[in-house]
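Me: I am new to this structure and should like to understand the terms used to describe it. May I put some questions about it?

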Amino acid sequence: MNDASMSAEMTANLSKSLDFDQAAKPKVVAKDVNVFYGEKQALFDVSIDIVEKSVTAFIGPSGCGKSTFLRCINRMNDTIEGCVVKGGISLDGDDIYAPSLDVVELRARVGMVFQKPNPFPKSIYENVSYGPRIHGLARGKTELDEIVESSLKRAGLWEEVKDRLNEPGTGLSGGQQQRLCIARAIAVSPEVILMDEPCSALDPIATARIEELIDELRANFTIIIVTHSMQQAARVSQRTAFFHLGILVELGATEQIFTNPSDKRTQDYITGRFG
Amino acid sequence: MAGYAFLLIALMTTAAYLLGRGRGARIWAGGDGSKVHSLPGYHGAFVAAWVGIPAFILGLFWLFLQGPIIDQFLIASLPTSMTDGATASQINLLVSEIKNVAAGQVFKEPTPDIVAAAERYELWGQIARWAMIVVALAVMVVALSFARSRLAPRFRARNAFEHVLSGLMIFCSVVAIATTIGIVSSLVFEAWRFFTMVPVTEFLFGLRWEPQIALRDDQVAGLGAFGAIPVFTGTILIAFLAMLVATPIGIFTAIYLVEYSSDRARKIIKPIMEILAGVPTVVYGFFAVLTVAPAIREFGGLIGIAVSPNSAIAAGGVMGIMIIPFISSLSDDALNAVPRSMRDGSLALGATPSETMIKVLLPAALPGIVGGVLLGVSRAIGETMIVVMAAGLIASLTLNPLDSVTTVTVQIVTLLIGDTEFDSPKTLAAFALGLVLFLVTLCLNVIALRIVRKYREQYD
Amino acid sequence: MVDIATRPPIDWSTPAARARRKSRYAANRRLQAYGIAAISLAIGLLGILIISLIATGYSAFVTTRITVDFPISTEYVNPEDPARGNYRAVVKAGIEELFPNVTGPDERALGQLLTNNTQFMVRDAVVADPSVIGGKLSLSVPASDPFDQLNKGLVDRNTPEDERRVTDQQIQWFDQLEAEGRVSTPFNWGLFFNSDSRFPELAGLAGAIVGSFYALLVCFLVAFPIGIAAAIYLEEFAPRNRWTDLIEVNINNLAAVPSIVFGLLGLAVFLNFIGLPRSAPLVGGLVLALMTLPTIIIVTRASLKAIPPSIREAGLGIGASKHQMVMHHVLPLALPGILTGTIIGLAQALGETAPLLLIGMNAFITSPPGGILDAATALPTQVFIWADSPERGFVALTSAGILVLLGFLIIMNSIAIFLRQRLERSW
């Protein structure tokens, strides 16, 4: 209840300062997030809200903390020893750093796609069915088959792999592997999908394919994408956040960020003066 | 004497180096600096290599061949009355008696023939030792003058010396091959001699192993006393028990270290595992005899089961402890070689650490772990001291872990400890067992190393 | 078919989902518990090993000595030639003076209190200082094994007399000596300065330590240069072809060949074929060298591999020959790693027993070897010999021998760790 009111207040603040559409519902709300790797501080007081069923892009020069922040949202930073997260992040009003929260549940709700395609060294079918299996989403083989097929269709991979579901996922091309990883992520019906530079290891054609896919998925999922490429952010996202040196400099509608940034640093970055 | 010879070679080599370097320095000083190819030091090294290496090789060969050759001369010089109809071992006995007399160790009054032979032996030894020094000196002087004559401003002393160095390095890397060839040929040769006395089928399929009987000359082999099956089953039983202890403990240790342990705990646990790996096997053997075997026996007595004092379970169990760190470190390596992204991918889907481990990491690391376990089996089969001290000597055909069984390595040691006669089947049987041991462990190692290597390449 | 995208997210609040989550976490905790159990078991077993060695071995680090005043009368010892006296009678007289009332067969039992070699100790003391002839020589002599055990409390006085090795009468005598202040328990220097003996109270490790030292010296002198040269060739010079592949596979396999097979090689080649002397540290060292060679080659190659190619390019770039580049730049940088690996290899060689048994380094030898061709034992084989000896005193001695061996191993490994931490750099 408290969290909900807090997020409402924050949304109000942000929309006031950033002139943003007030009707959109925030899915993820972060308030004063500070992240430390041992002695080194990687993020400083980041507060942001992520709108539901839209694509939010994080841009900024490398080492600016955008990936670090992304990994805070499904607590993947927990797996890094010496990493401490302070501040609050909530998902639909539930504090994800609360002691009572179950990381397994959180990560099922917040899926993730990584920079380098990382299919398991198993068959395509097993890659996609892995999540539904561990979470017990299917009551039988037919239902599992359905989930796998539907996920692969959604990821736009079904036509290419339907005849070789039992072949290893590592045998696919890079772009196919990344779509397999997206299928794997959506197979557990997440609410949010985090994408950490999902196209950086892919060629332009595969990249275009993924970008199309992201645009389609927006209808049903809340997507946060970290990207190096400003063109990509402009193409796929509705809102864009610019990070610099661990600070969230500016957040706003993508169009506004790219045409009329309010901060000098954002302007310098998008006009190519640094980065 | 041999020591003086090598000292002489060392001195000559040093002198050659200094001479060569001096000459090089004069060439350097005399000529136009830019036209001299190599630094004076390389001129010295070139000459030194020419002087030292041939003489050193000559000396080594001389040392190794001198004894056998003099022995041949000695036997040839003996009156035919002494050698006619004598067996090889009798002649050996005669030769060692002559050597004893020559060394001044007289136990009984020697015959004049033997005294004369001893004097001849002594004299030839003197001649051979002096001859070695003279020949070595001659070789070195010739080499020195030849090498020195080649020094000139345009002479590529550095290249020549580097060629010599390369040759030496190639020779050194061939030593490992030579070792393998030495192992194989000595095992095959002695085992072949054994199989001329005992049929191969008898050895490989016979059910009775009583090698001590064959000590008496009139009862040589062929009586089923060299059937190695009970020895093989004993080896397999103990190795199996060892792996039963080591595999689960080793793999669970690796799982904990990779998935659950904090960095601090890992920094404590890993060195302890290394200590476990560094303890000499003779210590484990004594531990088995001193503590484990009595404890198991006592426990058996408590619940009313008779346990042999040399029970297979005590030897196997302690051997298992020895192999734990081996399995755990190889499994640890294999699990760590699985890319981190696999682990992240699984965790990001909401898998628990145990699900990630069992469904993603372990299957991915399985080849590496299997390779490690195979290497562990090879170790268990080849392990000697623990079983020599804690397992039995009698070859009984049983699979009961509470009984006493014997192993291949125990038999090799018991057959060869003490004086060894290289023409009795008892001694040669040890080499036949050694050949089997070598071949089996070699197969296991080749397969395991191949699996591990293939697996590493997959993720590199 | 449902579209995955429109499928509702997992409802975590249903009882089934809760139960499922609970069992998943329970499985996770189980796996963790198995891991902890495995590690505790391994560490616990190591603890039991060390504790049982210390518990049985500590007593061998002290010895029981009895001080006796031996009358050195000229009747038994000729001042002109003190080495040839009748010292057996001197010892007997010394004991008689302590217990003037004991006569007859009991006198034999009394003599058993002192070590068997007492007469030789008295002789050596007299030869060293002939001025005592005619007077008294006060000498502290080791008690024989049963009384050493009694003094250390390892013989239970309550066991029936016929089940222990000391009689009630002897215990009484010993207590009397103790009451007179003649019994002392100093540190057992003999453990380090005596060689092997049939009598546990006199047996020590000196011969084994010297033997091991010679064997390791030979091993080092052979394996170190050959191993480094081979590794440099294979890593820096050799072309990649089937021949070098064969050498490489061969070295890896050689590292995994059971040690006893190297013993067979040593027996067949070095002893039988070449005719080197049996039990000699030279042969032991050569066999250990062949065993250590693969280890040294492997660690040297790893150290060379760790040197970045930029160093090599820099060397070649200023016109050094390949040999000069390797000798002047790569090898010195790799040396700390090579030394560390070599010391660890030598530590392994020090603990190796089986091959030494086959070449006869388990003989009973009562003096340290004078050179690499003399018959000798090594530390681990000495431990093996003692472990096989029936006298009770040898149990403690075996454990003590093992503790000394482990001590040497700890020292060697500490040096290796020190070198690694001090000298190795990361690129």
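The exchange below sets computed values against the definitions behind them.

Me: How do you know that some of chain A should be read with caution?
Reply: The model is predicted, and pLDDT states the predictor's confidence on a scale from 0 to 100. Chain A has a mean pLDDT of 87, with 91% of its residues at 70 or more. Over residues 1-22 of chain A, however, the pLDDT is below 50. Where pLDDT is low, predicted coordinates should not be read in detail. That stretch of chain A has 22 contacts in the model beyond near neighbours in sequence.

Me: Why are A:Phe58 and A:Phe243 called an aromatic pair, and what makes the pair tilted?
Reply: Rings pair if their centres lie within 6.5 Å, and planes that are neither under 30 degrees nor over 60 degrees apart count as tilted. The centres of A:Phe58 and A:Phe243 are 5.1 Å apart and their planes make 55°, so the pair is called tilted. C:Phe213 and C:Tyr214 also form a tilted pair, at 6.0 Å centre to centre and 55° between the planes. Over all chains the count comes to 28 aromatic pairs.

Me: Which parts of chain A does the pair of A:Phe58 and A:Phe243 link?
Reply: A:Phe58 belongs to strand β3 (residues 55-59) of chain A and A:Phe243 to strand β9 (residues 239-244) of chain A. The two residues are 185 residues apart, and the pair thus links distant parts of the chain. Both A:Phe58 and A:Phe243 are buried, a word that stands for under 20% relative accessible area.

Me: What makes β2 and β3 of chain C edge strands?
Reply: The open sheet of three strands has the order β2-β1-β3 (chain C), with antiparallel pairing. β2 (136-142) and β3 (183-184) of chain C each have a single partner strand, so one side of each is left without a neighbour in the sheet.

Me: How do you know that β1 and β3 of chain C are paired?
Reply: Pairing requires at least two bridges. Two bridges join β1 (residues 65-71) of chain C to β3(C), so the requirement is met. In this antiparallel arrangement, C:Arg65 stands opposite C:Ser184 of β3(C). Helix α2 (residues 87-98) of chain C packs on the sheet, touching β1 and β2 of chain C.

Me: What is the chain's form over residues 394-419 of chain C?
Reply: UniProt, in an unreviewed entry, places a "transmembrane region" at several spans of chain C, including 254-276 and 394-419. Residues 394-419 of chain C are 100% helix and 0% strand, with end C-alpha atoms 37 Å apart. Residues 254-276 of chain C are 70% helix and 0% strand, and their end C-alpha atoms lie 24 Å apart.

Key: Residues numbered from 1 in each chain as written. Chains lettered and ligands numbered in written order. Predicted model: local features only at pLDDT ≥ 70, side-chain atom pairs only at ≥ 80, totals over all residues. Heavy atoms only, no water. Contact = heavy atoms within 4.5 Å. UniProt positions renumbered as here; feature names shortened; annotations may be inferred. Helix = DSSP H or I, 4+ residues; strand = E, 2+ residues; numbered from the N terminus. Axes fitted to C-alpha atoms, helices over the stretch in contact; angles between N-to-C directions. Buried < 20%, exposed > 50% of the residue type's maximum accessible area, 1.4 Å probe, protein only.
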